[in-house]
Amino acid sequence: MYATVRHKSVEQESLTKIFERWDRAGSPGCSVAVYRDGEIVWSRGFGTAHLEHGVPIATDTVFHVASLSKMFTAYAIALLAHDGALSLDDDIRTFIPELAPGPRITLRNIVHHTSGLRDQWDLLRMAGWRYPDLKTNADILRLATRQRELNFEPGTRFQYINTGYTLMGIAIERITGATLREFAAQRIFEPLGMRDTQFHDDATRIIPKRAQAYRMINGSPTIDMPAYETVGPTSLLSTVDDFARWEQYLLTGELRELLTTSGTLADGTEAHYGFGLILGQYRGVPVVEHAGGDAGYRAHYLRVPSERFAVAVFANTLDVEPGARCRDVADAMLTFPEQTVDRAMPAWAGRAAGIASPDPEDLLAKSGTYRDTLSGMTCRIEPRGGRLFLTSDSGGDYELAPVTRDRYRFLIVDAECVFENERVRMFYGGNEQASCVRIEEESQQEAAPLDDYVATYASDELESRYTIDREDALLVLRRPRIAPAALQPLGRDEFATSDGLQLRFVRNGDGNVHGMTVSAERVWNVRFSRAADRA
(Lines give C-alpha, C1' and ligand atoms only; values in the text may rest on other atoms or scores of the structure.)
Protein backbone atom coordinates (compact mmCIF):
# COMPACT_ATOMS: atom_id res chain seq x y z
CA MET A 1 0.00 0.00 0.00
CA TYR A 2 1.47 3.32 -1.05
CA ALA A 3 0.72 6.66 0.57
CA THR A 4 -1.14 9.31 -1.36
CA VAL A 5 0.71 11.92 -3.41
CA ARG A 6 -0.79 15.42 -3.51
CA HIS A 7 -0.56 17.88 -6.36
CA LYS A 8 0.82 21.32 -5.52
CA SER A 9 -0.06 24.72 -6.85
CA VAL A 10 3.11 25.77 -8.66
CA GLU A 11 4.16 29.05 -10.21
CA GLN A 12 5.83 28.78 -13.62
CA GLU A 13 8.77 30.77 -12.29
CA SER A 14 9.64 27.98 -9.85
CA LEU A 15 9.83 25.46 -12.71
CA THR A 16 11.86 27.83 -14.85
CA LYS A 17 14.31 28.27 -11.99
CA ILE A 18 15.18 24.55 -12.14
CA PHE A 19 16.57 25.10 -15.64
CA GLU A 20 17.87 28.67 -15.32
CA ARG A 21 21.49 27.56 -15.75
CA TRP A 22 20.72 26.74 -19.41
CA ASP A 23 18.29 29.61 -20.02
CA ARG A 24 20.62 31.66 -22.18
CA ALA A 25 21.69 32.06 -25.77
CA GLY A 26 24.98 30.50 -26.82
CA SER A 27 24.61 27.53 -24.50
CA PRO A 28 23.29 24.04 -25.24
CA GLY A 29 20.30 23.17 -23.12
CA CYS A 30 17.08 21.20 -23.07
CA SER A 31 13.41 20.96 -23.88
CA VAL A 32 10.97 20.18 -21.04
CA ALA A 33 7.32 19.18 -20.83
CA VAL A 34 5.07 18.31 -17.89
CA TYR A 35 2.02 16.14 -18.58
CA ARG A 36 -1.13 15.64 -16.54
CA ASP A 37 -3.93 13.38 -17.78
CA GLY A 38 -2.01 13.06 -21.03
CA GLU A 39 -2.03 16.81 -21.71
CA ILE A 40 0.86 19.27 -21.57
CA VAL A 41 0.40 21.56 -18.55
CA TRP A 42 3.77 23.30 -18.83
CA SER A 43 6.56 23.20 -21.40
CA ARG A 44 9.54 25.31 -22.43
CA GLY A 45 12.80 25.23 -24.27
CA PHE A 46 16.04 26.39 -22.67
CA GLY A 47 19.29 27.23 -24.45
CA THR A 48 20.35 26.73 -28.05
CA ALA A 49 19.64 23.84 -30.40
CA HIS A 50 22.34 24.72 -32.94
CA LEU A 51 25.16 26.96 -31.79
CA GLU A 52 26.55 27.69 -35.24
CA HIS A 53 23.26 29.22 -36.36
CA GLY A 54 21.94 30.47 -33.02
CA VAL A 55 18.71 28.47 -33.21
CA PRO A 56 16.92 28.39 -29.83
CA ILE A 57 15.52 25.19 -28.35
CA ALA A 58 11.73 24.95 -28.47
CA THR A 59 9.25 22.29 -27.40
CA ASP A 60 9.11 20.98 -30.98
CA THR A 61 12.91 20.74 -31.28
CA VAL A 62 13.87 17.22 -32.35
CA PHE A 63 16.32 15.31 -30.12
CA HIS A 64 18.04 11.95 -30.41
CA VAL A 65 16.58 10.32 -27.27
CA ALA A 66 18.86 7.25 -27.23
CA SER A 67 17.49 4.43 -25.06
CA LEU A 68 14.01 5.92 -24.84
CA SER A 69 13.86 4.16 -28.22
CA LYS A 70 13.49 0.83 -26.42
CA MET A 71 9.91 1.44 -25.33
CA PHE A 72 8.85 1.83 -28.96
CA THR A 73 10.81 -1.18 -30.22
CA ALA A 74 9.25 -3.24 -27.43
CA TYR A 75 5.81 -1.85 -28.30
CA ALA A 76 6.35 -2.88 -31.93
CA ILE A 77 7.05 -6.43 -30.75
CA ALA A 78 3.93 -6.29 -28.55
CA LEU A 79 1.84 -5.21 -31.56
CA LEU A 80 3.12 -8.13 -33.64
CA ALA A 81 2.38 -10.51 -30.78
CA HIS A 82 -1.12 -9.05 -30.56
CA ASP A 83 -1.48 -9.55 -34.32
CA GLY A 84 -0.45 -13.21 -33.95
CA ALA A 85 2.65 -12.72 -36.12
CA LEU A 86 4.89 -13.96 -33.30
CA SER A 87 4.84 -15.17 -29.71
CA LEU A 88 6.79 -13.53 -26.94
CA ASP A 89 8.01 -17.02 -26.06
CA ASP A 90 9.54 -17.57 -29.53
CA ASP A 91 13.30 -18.13 -29.56
CA ILE A 92 15.03 -15.21 -31.28
CA ARG A 93 16.70 -17.81 -33.53
CA THR A 94 13.26 -18.41 -35.10
CA PHE A 95 13.80 -15.10 -36.88
CA ILE A 96 17.61 -14.89 -36.82
CA PRO A 97 18.75 -18.50 -37.34
CA GLU A 98 22.35 -17.46 -38.01
CA LEU A 99 22.88 -16.88 -34.29
CA ALA A 100 25.05 -19.58 -32.71
CA PRO A 101 23.26 -22.57 -31.15
CA GLY A 102 22.80 -22.35 -27.43
CA PRO A 103 20.23 -21.96 -24.66
CA ARG A 104 16.79 -20.76 -25.72
CA ILE A 105 16.59 -16.94 -25.73
CA THR A 106 12.99 -15.78 -25.99
CA LEU A 107 11.71 -12.42 -27.17
CA ARG A 108 10.35 -12.05 -23.64
CA ASN A 109 13.89 -12.52 -22.26
CA ILE A 110 15.15 -9.82 -24.61
CA VAL A 111 12.34 -7.33 -23.89
CA HIS A 112 12.96 -7.62 -20.13
CA HIS A 113 16.80 -7.71 -20.34
CA THR A 114 17.15 -11.26 -19.02
CA SER A 115 18.68 -12.70 -22.21
CA GLY A 116 22.33 -13.08 -21.17
CA LEU A 117 23.45 -11.66 -24.53
CA ARG A 118 26.71 -9.75 -24.65
CA ASP A 119 26.29 -6.02 -25.18
CA GLN A 120 26.92 -4.63 -28.65
CA TRP A 121 28.71 -1.43 -27.65
CA ASP A 122 31.29 -3.22 -25.51
CA LEU A 123 31.74 -5.86 -28.25
CA LEU A 124 32.40 -3.19 -30.88
CA ARG A 125 34.90 -1.42 -28.65
CA MET A 126 36.68 -4.67 -27.83
CA ALA A 127 36.83 -5.49 -31.55
CA GLY A 128 38.66 -2.25 -32.31
CA TRP A 129 35.83 0.09 -33.32
CA ARG A 130 36.42 3.73 -32.50
CA TYR A 131 33.96 6.25 -31.10
CA PRO A 132 33.34 8.12 -34.40
CA ASP A 133 33.02 4.98 -36.58
CA LEU A 134 29.55 4.63 -38.16
CA LYS A 135 27.72 1.62 -36.71
CA THR A 136 24.87 -0.17 -38.50
CA ASN A 137 22.50 -3.01 -37.66
CA ALA A 138 24.50 -5.19 -40.06
CA ASP A 139 27.65 -4.55 -38.03
CA ILE A 140 25.87 -5.55 -34.82
CA LEU A 141 24.41 -8.66 -36.44
CA ARG A 142 27.82 -9.81 -37.67
CA LEU A 143 29.32 -9.53 -34.19
CA ALA A 144 26.30 -11.08 -32.49
CA THR A 145 26.35 -14.14 -34.74
CA ARG A 146 30.02 -14.77 -33.94
CA GLN A 147 29.44 -15.00 -30.18
CA ARG A 148 29.68 -18.55 -28.82
CA GLU A 149 28.93 -17.78 -25.18
CA LEU A 150 26.49 -15.72 -23.13
CA ASN A 151 27.12 -13.68 -20.02
CA PHE A 152 24.71 -15.94 -18.11
CA GLU A 153 21.92 -18.47 -18.61
CA PRO A 154 18.83 -16.72 -20.07
CA GLY A 155 16.18 -15.90 -17.50
CA THR A 156 18.43 -16.23 -14.46
CA ARG A 157 19.23 -12.54 -13.87
CA PHE A 158 18.65 -9.01 -15.17
CA GLN A 159 21.36 -7.22 -17.12
CA TYR A 160 20.62 -4.15 -19.23
CA ILE A 161 21.81 -5.02 -22.75
CA ASN A 162 21.39 -3.27 -26.12
CA THR A 163 22.12 -6.17 -28.49
CA GLY A 164 18.76 -7.88 -28.05
CA TYR A 165 16.86 -4.75 -29.04
CA THR A 166 18.90 -4.51 -32.24
CA LEU A 167 18.08 -8.16 -32.95
CA MET A 168 14.38 -7.45 -32.35
CA GLY A 169 14.55 -4.59 -34.84
CA ILE A 170 16.05 -6.98 -37.41
CA ALA A 171 13.39 -9.59 -36.59
CA ILE A 172 10.62 -7.02 -37.17
CA GLU A 173 12.03 -6.29 -40.62
CA ARG A 174 12.20 -10.00 -41.49
CA ILE A 175 8.65 -10.65 -40.26
CA THR A 176 6.94 -7.63 -41.84
CA GLY A 177 9.12 -6.82 -44.84
CA ALA A 178 9.33 -3.23 -43.57
CA THR A 179 12.25 -1.61 -41.78
CA LEU A 180 11.74 -0.71 -38.13
CA ARG A 181 11.57 2.93 -39.21
CA GLU A 182 8.80 2.15 -41.70
CA PHE A 183 6.88 -0.20 -39.41
CA ALA A 184 6.98 2.20 -36.45
CA ALA A 185 5.85 5.09 -38.66
CA GLN A 186 2.88 3.10 -40.00
CA ARG A 187 1.77 1.34 -36.80
CA ILE A 188 2.86 3.66 -33.99
CA PHE A 189 3.79 7.23 -34.80
CA GLU A 190 1.23 8.08 -37.48
CA PRO A 191 -1.74 6.58 -35.58
CA LEU A 192 -0.71 8.38 -32.38
CA GLY A 193 -0.10 11.67 -34.17
CA MET A 194 3.61 11.81 -33.27
CA ARG A 195 4.48 13.86 -36.35
CA ASP A 196 8.09 14.66 -35.47
CA THR A 197 9.08 11.18 -34.23
CA GLN A 198 10.97 8.57 -36.24
CA PHE A 199 13.70 5.95 -36.09
CA HIS A 200 16.78 7.41 -37.75
CA ASP A 201 18.47 4.65 -39.78
CA ASP A 202 20.27 6.79 -42.38
CA ALA A 203 22.97 9.14 -41.10
CA THR A 204 22.81 11.20 -44.34
CA ARG A 205 19.14 12.18 -43.99
CA ILE A 206 18.22 15.79 -43.29
CA ILE A 207 16.09 16.10 -40.14
CA PRO A 208 14.20 19.41 -39.80
CA LYS A 209 14.34 21.09 -36.39
CA ARG A 210 16.97 18.66 -35.04
CA ALA A 211 19.17 19.82 -32.17
CA GLN A 212 22.88 19.24 -32.48
CA ALA A 213 24.61 17.64 -29.47
CA TYR A 214 27.60 19.07 -27.64
CA ARG A 215 30.21 18.12 -25.08
CA MET A 216 32.03 20.71 -22.97
CA ILE A 217 35.82 20.51 -23.15
CA ASN A 218 37.83 23.03 -21.11
CA GLY A 219 34.71 25.14 -20.75
CA SER A 220 33.97 25.30 -24.48
CA PRO A 221 31.28 23.34 -26.38
CA THR A 222 32.40 20.87 -29.04
CA ILE A 223 30.14 18.93 -31.41
CA ASP A 224 29.41 15.42 -30.11
CA MET A 225 26.97 13.53 -32.36
CA PRO A 226 26.35 9.74 -32.25
CA ALA A 227 27.71 7.87 -35.30
CA TYR A 228 24.75 5.49 -35.58
CA GLU A 229 22.54 3.88 -38.15
CA THR A 230 21.67 1.35 -35.47
CA VAL A 231 17.96 1.20 -34.65
CA GLY A 232 16.08 -0.73 -32.00
CA PRO A 233 17.92 0.09 -28.77
CA THR A 234 18.59 3.66 -29.88
CA SER A 235 18.32 6.23 -32.72
CA LEU A 236 14.77 7.41 -32.03
CA LEU A 237 14.26 11.10 -32.82
CA SER A 238 11.41 12.84 -31.01
CA THR A 239 10.15 15.96 -29.23
CA VAL A 240 8.65 16.64 -25.81
CA ASP A 241 5.49 17.80 -27.63
CA ASP A 242 5.16 14.41 -29.34
CA PHE A 243 5.64 12.56 -26.06
CA ALA A 244 2.28 13.93 -24.91
CA ARG A 245 0.71 11.52 -27.44
CA TRP A 246 2.74 8.63 -26.03
CA GLU A 247 1.73 9.60 -22.49
CA GLN A 248 -1.91 9.51 -23.60
CA TYR A 249 -1.40 6.01 -24.95
CA LEU A 250 0.15 4.76 -21.72
CA LEU A 251 -2.94 6.07 -19.91
CA THR A 252 -5.61 4.69 -22.24
CA GLY A 253 -4.06 2.44 -24.93
CA GLU A 254 -5.09 -1.17 -25.52
CA LEU A 255 -1.69 -2.68 -24.64
CA ARG A 256 -0.77 -0.26 -21.83
CA GLU A 257 -1.01 -2.89 -19.09
CA LEU A 258 1.32 -5.27 -20.93
CA LEU A 259 3.85 -2.52 -21.55
CA THR A 260 4.05 -1.64 -17.86
CA THR A 261 4.05 -5.18 -16.44
CA SER A 262 7.34 -6.39 -14.99
CA GLY A 263 9.18 -9.34 -16.44
CA THR A 264 10.17 -12.14 -14.10
CA LEU A 265 13.24 -14.31 -13.67
CA ALA A 266 13.11 -18.10 -13.79
CA ASP A 267 12.78 -18.21 -9.98
CA GLY A 268 9.79 -15.85 -10.04
CA THR A 269 11.70 -12.74 -8.95
CA GLU A 270 10.46 -9.56 -10.61
CA ALA A 271 12.87 -7.92 -13.06
CA HIS A 272 11.38 -4.45 -12.40
CA TYR A 273 11.48 -3.80 -16.14
CA GLY A 274 8.53 -3.78 -18.53
CA PHE A 275 8.54 -3.18 -22.28
CA GLY A 276 11.36 -0.65 -22.49
CA LEU A 277 10.28 0.93 -19.20
CA ILE A 278 11.91 0.72 -15.77
CA LEU A 279 9.36 -0.01 -13.05
CA GLY A 280 10.63 1.42 -9.81
CA GLN A 281 9.87 3.76 -6.93
CA TYR A 282 10.61 7.35 -6.06
CA ARG A 283 10.09 8.59 -2.51
CA GLY A 284 8.09 5.44 -1.74
CA VAL A 285 5.72 5.85 -4.71
CA PRO A 286 5.66 3.62 -7.85
CA VAL A 287 7.12 5.30 -10.94
CA VAL A 288 7.69 4.27 -14.56
CA GLU A 289 10.70 5.77 -16.28
CA HIS A 290 13.63 5.40 -18.64
CA ALA A 291 16.85 7.25 -19.35
CA GLY A 292 18.71 7.72 -22.61
CA GLY A 293 22.23 8.86 -23.39
CA ASP A 294 24.34 8.76 -26.56
CA ALA A 295 27.27 11.06 -27.34
CA GLY A 296 26.20 14.55 -26.16
CA TYR A 297 22.47 13.76 -26.03
CA ARG A 298 20.68 12.99 -22.78
CA ALA A 299 16.97 12.25 -22.20
CA HIS A 300 14.68 11.11 -19.41
CA TYR A 301 10.98 10.29 -19.16
CA LEU A 302 9.46 9.91 -15.68
CA ARG A 303 5.85 8.91 -14.93
CA VAL A 304 3.91 8.77 -11.68
CA PRO A 305 1.00 6.60 -12.85
CA SER A 306 -1.14 7.00 -9.72
CA GLU A 307 -1.22 10.75 -10.34
CA ARG A 308 -1.52 10.56 -14.15
CA PHE A 309 1.56 12.80 -14.07
CA ALA A 310 4.74 12.69 -16.17
CA VAL A 311 7.81 14.75 -17.10
CA ALA A 312 10.13 14.57 -20.11
CA VAL A 313 13.47 16.34 -20.39
CA PHE A 314 15.46 16.07 -23.65
CA ALA A 315 18.92 17.67 -23.71
CA ASN A 316 21.77 18.32 -26.14
CA THR A 317 24.49 18.49 -23.48
CA LEU A 318 25.55 16.12 -20.72
CA ASP A 319 25.46 18.50 -17.77
CA VAL A 320 21.66 18.91 -17.81
CA GLU A 321 21.33 15.47 -16.16
CA PRO A 322 17.69 14.98 -17.23
CA GLY A 323 16.94 12.25 -14.67
CA ALA A 324 17.75 14.58 -11.79
CA ARG A 325 15.82 17.43 -13.43
CA CYS A 326 12.72 15.24 -13.89
CA ARG A 327 12.81 14.52 -10.17
CA ASP A 328 13.27 18.21 -9.40
CA VAL A 329 10.11 18.96 -11.38
CA ALA A 330 8.22 16.13 -9.67
CA ASP A 331 9.34 17.46 -6.27
CA ALA A 332 8.12 20.94 -7.21
CA MET A 333 4.70 19.80 -8.45
CA LEU A 334 3.86 16.85 -6.18
CA THR A 335 3.88 16.40 -2.42
CA PHE A 336 5.29 12.96 -1.62
CA PRO A 337 4.79 11.21 1.74
CA GLU A 338 7.20 12.89 4.17
CA GLN A 339 8.16 9.65 5.87
CA THR A 340 9.47 8.07 2.66
CA VAL A 341 12.20 10.50 1.67
CA ASP A 342 14.33 8.15 -0.43
CA ARG A 343 16.48 10.51 -2.43
CA ALA A 344 20.00 10.73 -1.06
CA MET A 345 21.63 14.09 -0.57
CA PRO A 346 25.32 14.80 -0.99
CA ALA A 347 27.37 14.03 2.09
CA TRP A 348 27.71 17.74 2.87
CA ALA A 349 23.90 18.06 2.88
CA GLY A 350 23.28 14.99 5.00
CA ARG A 351 21.56 16.97 7.74
CA ALA A 352 18.90 18.14 5.26
CA ALA A 353 18.11 14.51 4.51
CA GLY A 354 18.08 13.58 8.18
CA ILE A 355 21.34 11.63 7.86
CA ALA A 356 24.44 12.21 9.95
CA SER A 357 27.63 12.96 8.05
CA PRO A 358 29.61 9.77 7.46
CA ASP A 359 32.27 8.81 9.96
CA PRO A 360 35.71 9.17 8.28
CA GLU A 361 36.82 5.87 9.84
CA ASP A 362 33.72 4.15 8.45
CA LEU A 363 34.47 5.54 4.96
CA LEU A 364 38.01 4.23 5.22
CA ALA A 365 36.71 0.81 6.27
CA LYS A 366 34.59 0.66 3.11
CA SER A 367 37.50 1.53 0.80
CA GLY A 368 39.27 -1.06 -1.30
CA THR A 369 39.13 -3.01 -4.54
CA TYR A 370 36.06 -5.17 -5.13
CA ARG A 371 35.40 -7.85 -7.77
CA ASP A 372 31.99 -8.86 -9.16
CA THR A 373 31.51 -12.55 -8.45
CA LEU A 374 29.97 -13.22 -11.89
CA SER A 375 31.66 -10.93 -14.40
CA GLY A 376 35.06 -10.71 -12.71
CA MET A 377 35.04 -6.93 -13.26
CA THR A 378 36.51 -4.80 -10.50
CA CYS A 379 35.84 -1.39 -9.02
CA ARG A 380 37.66 0.79 -6.52
CA ILE A 381 35.92 2.51 -3.60
CA GLU A 382 37.76 5.28 -1.80
CA PRO A 383 37.11 8.33 0.42
CA ARG A 384 38.08 11.79 -0.80
CA GLY A 385 37.63 14.85 1.36
CA GLY A 386 35.06 13.21 3.62
CA ARG A 387 33.00 11.84 0.71
CA LEU A 388 32.89 8.37 -0.86
CA PHE A 389 33.63 7.65 -4.52
CA LEU A 390 33.46 4.58 -6.77
CA THR A 391 35.74 4.21 -9.79
CA SER A 392 34.82 1.48 -12.25
CA ASP A 393 36.95 -0.49 -14.71
CA SER A 394 35.03 1.24 -17.51
CA GLY A 395 36.46 4.60 -16.45
CA GLY A 396 33.44 5.96 -14.58
CA ASP A 397 34.03 7.96 -11.42
CA TYR A 398 30.92 8.35 -9.26
CA GLU A 399 30.24 10.07 -5.97
CA LEU A 400 28.21 7.98 -3.51
CA ALA A 401 25.86 9.84 -1.18
CA PRO A 402 24.75 8.29 2.13
CA VAL A 403 21.17 7.20 2.75
CA THR A 404 22.04 5.10 5.80
CA ARG A 405 25.38 4.00 7.20
CA ASP A 406 25.64 1.07 4.77
CA ARG A 407 23.42 2.23 1.91
CA TYR A 408 24.61 4.82 -0.61
CA ARG A 409 23.09 6.26 -3.77
CA PHE A 410 24.91 7.45 -6.89
CA LEU A 411 24.47 11.20 -7.34
CA ILE A 412 24.11 11.26 -11.15
CA VAL A 413 22.90 7.72 -11.85
CA ASP A 414 19.64 6.28 -10.53
CA ALA A 415 21.41 3.46 -8.72
CA GLU A 416 22.57 2.51 -5.26
CA CYS A 417 24.99 0.24 -3.46
CA VAL A 418 24.70 -1.60 -0.17
CA PHE A 419 27.73 -2.57 1.93
CA GLU A 420 27.63 -5.94 3.70
CA ASN A 421 30.81 -6.89 5.56
CA GLU A 422 33.43 -7.55 2.84
CA ARG A 423 30.89 -7.23 0.01
CA VAL A 424 29.14 -4.42 -1.85
CA ARG A 425 25.94 -5.09 -3.80
CA MET A 426 24.92 -2.69 -6.58
CA PHE A 427 21.33 -2.07 -7.70
CA TYR A 428 19.80 -0.27 -10.67
CA GLY A 429 16.06 0.08 -11.18
CA GLY A 430 15.45 -2.34 -8.32
CA ASN A 431 17.63 -5.03 -9.91
CA GLU A 432 20.89 -6.30 -8.49
CA GLN A 433 23.53 -5.54 -11.11
CA ALA A 434 26.61 -6.80 -9.30
CA SER A 435 27.67 -8.49 -6.09
CA CYS A 436 31.29 -7.58 -5.46
CA VAL A 437 33.67 -8.97 -2.85
CA ARG A 438 36.73 -7.20 -1.55
CA ILE A 439 39.93 -8.63 -3.03
CA GLU A 440 43.52 -8.59 -1.89
CA GLU A 441 45.60 -5.82 -3.39
CA GLU A 442 48.07 -6.93 -6.06
CA SER A 443 50.97 -5.41 -4.14
CA GLN A 444 50.36 -7.94 -1.38
CA GLN A 445 50.59 -10.89 -3.77
CA GLU A 446 53.52 -12.54 -5.46
CA ALA A 447 53.69 -11.16 -9.01
CA ALA A 448 54.51 -13.41 -11.95
CA PRO A 449 57.35 -12.43 -14.34
CA LEU A 450 56.07 -9.92 -16.90
CA ASP A 451 57.63 -11.88 -19.75
CA ASP A 452 55.11 -14.66 -19.07
CA TYR A 453 52.44 -12.54 -20.74
CA VAL A 454 54.31 -11.10 -23.73
CA ALA A 455 52.69 -12.57 -26.86
CA THR A 456 49.96 -12.07 -29.46
CA TYR A 457 46.48 -13.35 -28.67
CA ALA A 458 43.52 -13.84 -31.03
CA SER A 459 39.74 -14.06 -30.66
CA ASP A 460 37.49 -15.61 -33.31
CA GLU A 461 34.43 -14.05 -31.68
CA LEU A 462 35.82 -10.53 -32.12
CA GLU A 463 37.85 -11.23 -35.29
CA SER A 464 40.62 -9.38 -33.51
CA ARG A 465 44.20 -9.82 -32.31
CA TYR A 466 45.69 -8.27 -29.17
CA THR A 467 49.43 -7.99 -28.55
CA ILE A 468 51.00 -7.69 -25.11
CA ASP A 469 54.41 -5.99 -25.11
CA ARG A 470 56.77 -5.17 -22.29
CA GLU A 471 58.13 -1.65 -21.86
CA ASP A 472 60.55 -1.62 -18.93
CA ALA A 473 58.47 -2.44 -15.84
CA LEU A 474 55.15 -2.09 -17.63
CA LEU A 475 52.98 -4.30 -19.82
CA VAL A 476 51.31 -2.56 -22.75
CA LEU A 477 48.24 -3.75 -24.66
CA ARG A 478 48.16 -3.02 -28.40
CA ARG A 479 44.90 -3.39 -30.34
CA PRO A 480 43.86 -2.58 -33.90
CA ARG A 481 43.00 1.11 -34.43
CA ILE A 482 43.19 1.95 -30.73
CA ALA A 483 46.00 3.69 -28.86
CA PRO A 484 48.24 1.44 -26.74
CA ALA A 485 47.15 1.06 -23.13
CA ALA A 486 49.24 0.29 -20.07
CA LEU A 487 48.09 -2.68 -18.02
CA GLN A 488 47.46 -2.06 -14.34
CA PRO A 489 47.98 -5.20 -12.22
CA LEU A 490 44.99 -6.31 -10.14
CA GLY A 491 46.30 -9.62 -8.89
CA ARG A 492 48.32 -12.58 -10.10
CA ASP A 493 47.57 -13.06 -13.83
CA GLU A 494 44.98 -10.23 -13.76
CA PHE A 495 45.26 -6.74 -15.27
CA ALA A 496 43.01 -3.81 -16.18
CA THR A 497 43.21 -1.04 -18.76
CA SER A 498 42.20 2.58 -18.21
CA ASP A 499 39.45 2.24 -20.84
CA GLY A 500 37.52 -0.43 -18.99
CA LEU A 501 38.86 -3.84 -20.03
CA GLN A 502 39.95 -6.56 -17.66
CA LEU A 503 42.40 -9.26 -18.77
CA ARG A 504 42.72 -12.56 -16.95
CA PHE A 505 45.50 -14.83 -18.22
CA VAL A 506 45.01 -18.60 -18.30
CA ARG A 507 47.79 -21.12 -17.70
CA ASN A 508 48.06 -24.73 -18.88
CA GLY A 509 49.06 -27.76 -16.81
CA ASP A 510 52.73 -26.83 -17.16
CA GLY A 511 52.11 -23.38 -15.68
CA ASN A 512 52.61 -21.56 -19.00
CA VAL A 513 50.26 -18.80 -20.16
CA HIS A 514 48.36 -20.14 -23.17
CA GLY A 515 45.46 -17.70 -23.42
CA MET A 516 43.38 -15.09 -21.68
CA THR A 517 39.82 -13.94 -21.18
CA VAL A 518 38.86 -10.31 -21.68
CA SER A 519 35.85 -8.71 -20.01
CA ALA A 520 34.12 -5.35 -20.08
CA GLU A 521 31.19 -4.09 -18.04
CA ARG A 522 28.55 -5.87 -20.16
CA VAL A 523 30.65 -8.45 -22.02
CA TRP A 524 32.13 -11.18 -19.88
CA ASN A 525 34.98 -13.59 -20.52
CA VAL A 526 35.67 -13.40 -24.26
CA ARG A 527 38.29 -16.06 -24.95
CA PHE A 528 41.62 -15.27 -26.61
CA SER A 529 44.15 -17.95 -27.56
CA ARG A 530 47.87 -17.34 -27.58
CA ALA A 531 48.87 -17.16 -31.25
CA ALA A 532 51.54 -19.86 -30.91
CA ASP A 533 48.90 -22.23 -29.54
CA ARG A 534 46.74 -21.74 -32.64
CA ALA A 535 49.29 -22.90 -35.21
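This briefing covers one helix, one cavity and one small sheet of the structure. The model is predicted. Helix 10 is mostly covered, the largest cavity holds about 40 Å³ of space, and the sheet is an open one of three strands.

**Helix 10**
- Helix 10 runs over residues 322-333 and has twelve residues.
- From its first C-alpha to its last, helix 10 reaches 16 Å, close to the 16 Å expected at 1.5 Å a residue.
- Eleven of the twelve residues of helix 10 are buried.
- Among the buried residues of helix 10 are Pro 322, Gly 323, Arg 325, Arg 327, Asp 328, Asp 331 and Met 333.

**The cavity**
- The count comes to one cavity of 30 Å³ or more.
- The lining of the largest cavity is made up of Ser 375, Gly 376, Gln 502, Leu 503, Arg 504, Thr 517, Ser 519 and Asn 525.
- By class, this lining has one nonpolar, six polar and one charged residue.
- Strand 32 (502-507) and strand 33 (513-520) each supply at least two residues of the lining.
- With three residues, strand 32 gives the most to the lining of the largest cavity.

**The three-stranded sheet**
- The strands of this open sheet have the order 6-12-8, and their pairing is antiparallel.
- Strand 6 (63-64) and strand 8 (198-199) stand at the edges with a single partner strand each, so one side of each has no neighbour in the sheet.
- Strand 8 pairs with strand 12 (residues 236-238) over two bridges, in the antiparallel sense.
- Gln 198 has Leu 237 in strand 12 as its bridge partner.

Notes:
Residues are numbered from 1 along each chain as its sequence is written. This is a predicted model: local features need pLDDT of at least 70, side-chain atom pairs count only at pLDDT 80 or more; totals for chains, interfaces and linings use all residues. Side-chain values use heavy atoms; hydrogens and water are left out. Helices (H or I, at least four residues) and strands (E, at least two) are DSSP runs, numbered from the N terminus. The expected span of a helix is 1.5 Å times one less than its number of residues. Buried means under 20% relative accessible area, exposed over 50%, partly exposed in between (1.4 Å probe, protein chains only). On a 1 Å grid over the protein atoms alone, a cavity is a set of points where a 1.4 Å probe fits but cannot get out, and a pocket is an open set with protein on both sides within 12 Å along at least five of seven lines; lining residues have an atom within 4 Å of a point. Grid points are joined across faces, edges and corners, and a volume is the space filled by probe spheres set on the points. Ala, Val, Leu, Ile, Met, Phe, Trp, Tyr, Cys and Pro count as nonpolar, Asp, Glu, Lys and Arg as charged, and the others, Gly among them, as polar. Two strands pair if DSSP finds at least two bridges between them.
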